Each structure stands twice: as structure tokens, then as C-alpha cells.
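I have a structure open and a blank notebook page. I'll jot down what I look up, one entry at a time.

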Amino acid sequence: MLVAVNTTTDTVVTGALVAATASGQYECLFCETPLVADTAAEDPLEAFTHANGTDCLHNDNASRAHRIGEELISRELCQWLSHWFGLSPQEVTVAAEKHVGTDATWMIADVRVSDPIQLAVEVVYLSSSLNLRERLALLFDQEYTGMVVVVANGGVSPMRIERHLSSVGAIQVGTVDPDRFEASIGSVLTPDHVDLSPDAWQPVPAYLA
Ligand SMILES: [Zn+2]
């Protein structure tokens with residue numbers, strides 16, 4: 001794992017920085033099991049390992065940049081929600097690659113916050129078809145809000161995606177820089193902000209719509 005909750009300081013820390021300040025008890029942001037900090041790890045994604053030996057995230061089909069994006073955005077959301085709701089990071093429930101919906105209609109959210117708000121984040125990285133309209137409709141049906149985050153070196157710039165989506169709403173997308181380990185969150189999308197009518201989506205390029 002790249003990020004971890006430091007339960008001693010009640011903060012979310014990132015692997016690249018932890019070598020300098022390695023003290024505290026660490027636990028997984030997603031599955032809440034204890035993590036072991038490896039300050040000598042050369043790969044930042046191995047800065048923390050699950051003490052029980054099993055990684056709760058699947059590495060197989062997610063690209064490295066996508067995985068980094070999921071972890072960094074989870075960190076940002078955790079800090080943001082902790083601040084706004086006066087909660088410790090441990091009181092924010094965040095998961096990666098988990099479903100939203102019911103047996104009949106469901107989707108996998110790259111990042112899913114279920115408490116204190118319901119929010120699903122789409123991390124866009126070289127995606128061939130995002131089906132964003134359909135996914136937002138499902139989220140809104142399930143009383144979830146949405147967010148779009150773009151991996152900065154993924155071939156499509158965040159600004160371009162914002163421009164492409166301008167016909168459906170004033171949407172600010174979040175960004176991830178997987179090389180510098182920086183991330184920013186985007187607008188929280190609700191039915192009030194996003195027009196899901198087919199007309200509004202007409203100008204949106206097929207890879208997004
Ligand atoms: Zn975990």
C-alpha cells in the first residue's frame with residue numbers, strides 16, 4: 001500500500017514521505033487491518049504491507065497508475081471528510097473497487113465512501129468507454145453522489161474532460177499525478193449539478209458518455 005492511517009497521529013500518511021517520520025501504528029485505510037511500514041521499500045506501493053500477508057486490493061487488472069490514483073484519492077477524501085465532519089480518518093468508511101447497488105443493477109466503484117456521505121469516485125485512466133451517464137444515473141438511484149478523477153499522464157487532460165462535460169454541468173474533475181504522488185478531489189456530483197437527459201449528453205464524446 002502507498003497510503004496508510006497512522007493511528008497514533010490520526011492522520012493519513014503516504015509512503016514516499018513516511019521514511020523520514022517513521023513512527024506510529026499503521027492500519028489499512030480500506031480494510032482496517034494492521035499494516036507494517038517498510039521504510040526501506042524501493043517501490044512506494046510497497047511502503048506498507050498487510051500484517052496478515054494479504055493485500056486487500058487486487059493488483060491483477062488495475063494498472064499501477066490507476067492503483068496509485070485509488071489510494072491517493074482515498075487519502076484526499078479521508079482528509080477532506082475528516083475536516084468537514086470533525087471525524088478521525090478511522091471514522092470515515094472508504095473502500096476501493098467495491099460495488100454500489102443491488103443484485104439487479106450495480107457497478108464497481110474505484111473508490112467508494114459509504115460514511116459519513118455516500119460517494120463513488122471514477123478514476124479515469126486510458127479508459128476506452130466510461131459509460132459515465134449510465135453510471136451516474138445508477139449512483140443517483142442508489143442515493144450516492146459521484147466524482148470524476150483523471151490520472152494526469154493518462155493521455156487525456158483534466159481540462160479537456162471538463163470541457164467535454166460542460167454540456168451536462170459545471171463539473172470540476174479531480175486529478176492524480178502518479179509520479180509526484182499528488183492528488184486533488186473534484187466536484188461532488190449530485191442530481192442537482194448534472195443533467196442526465198439524453199439531449200445534454202449529445203455533445204459528449206463517446207468514450208465518456
Ligand atoms: Zn487493506
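**Entry 1: a hairpin**

How many residues lie between S3 and S4 in their hairpin, and which residue in the turn has a positive phi? I note first that I'm working with a predicted model. I looked up the hairpin that S3 and S4 form, and there are six residues between the two strands. The turn residue with the positive phi is Glu-32, at about 65°.

Next I checked how the strands are joined. Strand S3 covers residues 26–27 and runs antiparallel to S4, with two bridges joining them. I picked out one pair: Tyr-26 stands opposite Leu-35 in S4.

Then I stayed on S4, which spans residues 34–37. Which of its residues are on the covered face, and which on the uncovered one? Leu-35 and Ala-37 make up the covered face, while Pro-34 and Val-36 make up the uncovered one. S4 also has another antiparallel neighbour, strand S5 (residues 48–50), joined to it by three bridges. Here I found Val-36 opposite Thr-49 in S5.

**Entry 2: the start of the chain**

I went back to strand S1, residues 3–6. Are its two faces covered or uncovered? Both are covered: Val-3 and Val-5 are buried on one side, and Ala-4 and Asn-6 are buried on the other.

S1 pairs with strand S2 (residues 11–14) over four bridges, in the antiparallel sense. In that pairing, Val-3 stands opposite Thr-14 in S2. I looked at this hairpin's turn too: four residues sit between the strands, and Asp-10 takes a positive phi near 60°.

S1 also pairs with S3, again in the antiparallel sense, over two bridges. I followed Asn-6 across and landed on Tyr-26 in S3. I had met Tyr-26 already, opposite Leu-35 in S4.

**Entry 3: the six-strand sheet**

In what order do the strands of the open six-strand sheet come? I read it off as S6-S7-S8-S9-S10-S11, and the pairing is mixed. Strands S6 (93–101) and S11 (182–184) are at the edges; each has a single partner strand, so one side of each has no neighbour in the sheet. From one strand to the next, the twist averages 30°.

I wanted a parallel pair, so to speak, and found one. Strand S9 (residues 145–151) and strand S10 (residues 174–177) pair that way over three bridges. Val-150 has Thr-175 in S10 as its bridge partner.

Which helices pack on the sheet? Helix H2 (residues 64–85) does, and it touches S6, strand S7 (106–115), strand S8 (119–124), S9, S10 and S11. The direction of H2 makes about 30° with that of S7. Helix H3 (residues 132–141) packs on the sheet as well, touching S6, S7, S8 and S9. I noted about 145° between the direction of H3 and that of S9.

**Entry 4: a closer look at H3**

Leu-132, Leu-136 and Leu-139 are buried in H3. Why do I say the buried residues line one face of the helix? Looking down the axis of H3, I see them fall within an arc of 60°, so they line one face. What covers them includes S6, S8 and S9.

Arg-135 is in H3 too. Is Arg-135 buried or partly exposed? I count it as partly exposed because it has 18 C-beta neighbours inside 10 Å, and a residue needs 20 or more to be buried. Leaving out residues up to four places away in sequence, Arg-135 touches Met-107 and Glu-122. I also checked Ser-167, which is 32 residues from Arg-135 along the chain: their C-alpha atoms are separated by 17 Å.

Just after H3, I spotted Glu-143 with a positive phi of about 60°.

**Entry 5: stepping back**

My tally for the protein is five helices and 11 strands. Its radius of gyration is 17 Å, close to the 17 Å that the globule rule gives for 209 residues, so the protein is as compact as a globular protein of that length. Taken along the principal axes, the C-alpha atoms fill a box of roughly 55 × 30 × 30 Å.

What share of the 209 residues counts as buried? I wrote down 36%. Last, I looked at contacts between residues at least 6 apart in sequence: 58% of them join residues at least 24 apart.

Note on methods
Residues numbered from 1 in each chain as written. Predicted model: local features only at pLDDT ≥ 70, side-chain atom pairs only at ≥ 80, totals over all residues. Pairing = 2+ DSSP bridges. Axes fitted to C-alpha atoms, helices over the stretch in contact; angles between N-to-C directions. Contact = placed C-beta atoms within 7 Å. Buried ≥ 20, exposed ≤ 12 C-beta atoms within 10 Å, placed from the backbone. Arc of directions from axis to C-beta. Rg over C-alpha atoms; globule rule 2.2 N^0.38 Å.
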